[in-house]
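Please open the structure in your viewer and keep the selection tool ready, since this tour moves from one selection to the next and says what is there at each stop.

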Amino acid sequence: MCSGNFAKCLGITLIPLAILSFLCNILLLFPGGKPAENNDDITDEVWYFGGILGSGILMIFPALVFLGLKTNNCCGCCGNESCGTRCAMFFSIIFAGVGLVGAGYSFIVSALAINHGPKCLINGTFTYPFTDGDYLSNHTMWDACEGPSDIVTWHLTLFSMLLIMGLVQVVLCGFQVINGLIGTIFGDCCCGYAIFSFLFLFFENHCVVTQV
């Protein structure tokens, strides 16, 4: 089933992204790569757990559902295999929606964190020295942070990774929404899949490389 193969490849792609997002959020709990002396010393957006909850846990469920779509036919839907595959694709749309919400949440939190800047040590107090992303184009402002060491680079790198991975996850889950709609309507490989033939080819090749 074309829709199932495509969904399986999406699932294979989403799982490592979810794991990486989870790890990035964990690393952000260690400002500059070192344990924080106090939880209040950690940037507030880290505690929103965009990478752990949004792009991590909420993304695992859709990914696992996508992986099993190739063989899932909702128990034949009362003996009708065609109806079963359509039913499975329909439910995949719901899970893809869950993934969209999770990835979108992570993307928004990451964008806010990048714009807000990190919390760092200024005159012996942890505070936010930057406003409205003014530090992004002016690296000399980074010297205002007395500690932890390389906190601005640490903050910007990890949240940028979460931002990019969240955006990729949004796109992939969006593909599955469309793929699921087509699978629900047409049921299997037919004229409706022609418009996505290039995507099937790309992800199937990607799956082969990943599995090797």
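Begin at the surface by selecting Ile 19, Leu 20, Phe 22, Leu 23, Leu 53, Ile 57, Phe 61, Phe 90, Phe 91, Ile 94 and Phe 95, which in this predicted model make up a nonpolar surface patch of about 980 Å². If you now colour the helices, you will find that the elements giving two or more residues to this patch are helix H1 (2–28), helix H2 (50–68) and helix H4 (81–116).

Keep one member of the patch selected, namely Ile 57, which is found in helix H2. With a relative accessibility of 38%, Ile 57 counts as partly exposed, because that class holds residues between 20% and 50% relative accessible area.

Next, move to helix H4 and select Ser 106, which is found there. This serine counts as buried, having a relative accessibility of 1%. To see what surrounds Ser 106, add Gly 50, Gly 51, Ser 55 and Leu 162 to the selection, for Ser 106 touches these residues when those up to four places away in sequence are not counted. Look closely at Gly 50 in this group, where the backbone oxygen lies 3.3 Å from a polar atom of the Ser 106 side chain.

Now turn to the cysteines, beginning with a question: how many disulfides does a search of the whole structure find? The search finds one, and you can display it by selecting Cys 120 and Cys 145, whose sulfur atoms are 2.0 Å apart. A disulfide is a covalent bond between the sulfur atoms of two cysteines.

Where do the two partners, Cys 120 and Cys 145, lie? Cys 120 belongs to strand E1 (residues 120–122), whereas Cys 145 is in the loop between strand E2 (125–127) and helix H5 (151–186), so the pair ties together parts that are 25 residues apart in sequence. If your viewer can report torsions, choose the one about the S-S bond of Cys 120 and Cys 145, which is about -65 degrees, so this disulfide is left-handed.

Colour the two partners by accessibility, and Cys 120 will appear as buried, with a relative accessible area of 0%, while Cys 145 is buried with a relative accessible area of 14%.

For the last stop, select two further cysteines, Cys 24 and Cys 173, and check their accessibility as well. Cys 24 counts as buried at 3% relative accessibility, and Cys 173 is buried with a relative accessible area of 0%.

Conventions
Residues numbered from 1 in each chain as written. Predicted model: local features only at pLDDT ≥ 70, side-chain atom pairs only at ≥ 80, totals over all residues. Heavy atoms only, no water. Patch = residues over 30% accessible without salt bridge, like charges linked within 9 Å, V, L, I, M, F, W, Y side chains within 5 Å. Areas by Shrake-Rupley, 256 points an atom, 1.4 Å probe, with all protein chains shown as cover. Salt bridge = Lys/Arg side-chain N within 4 Å of Asp/Glu carboxyl O. Helix = DSSP H or I, 4+ residues; strand = E, 2+ residues; numbered from the N terminus. Buried < 20%, exposed > 50% of the residue type's maximum accessible area, 1.4 Å probe, protein only. Disulfide = S-S within 2.5 Å. Polar contact = N/O pair within 3.5 Å; in protein donor to acceptor, adjacent residues only side chain to side chain. Contact = heavy atoms within 4.5 Å.
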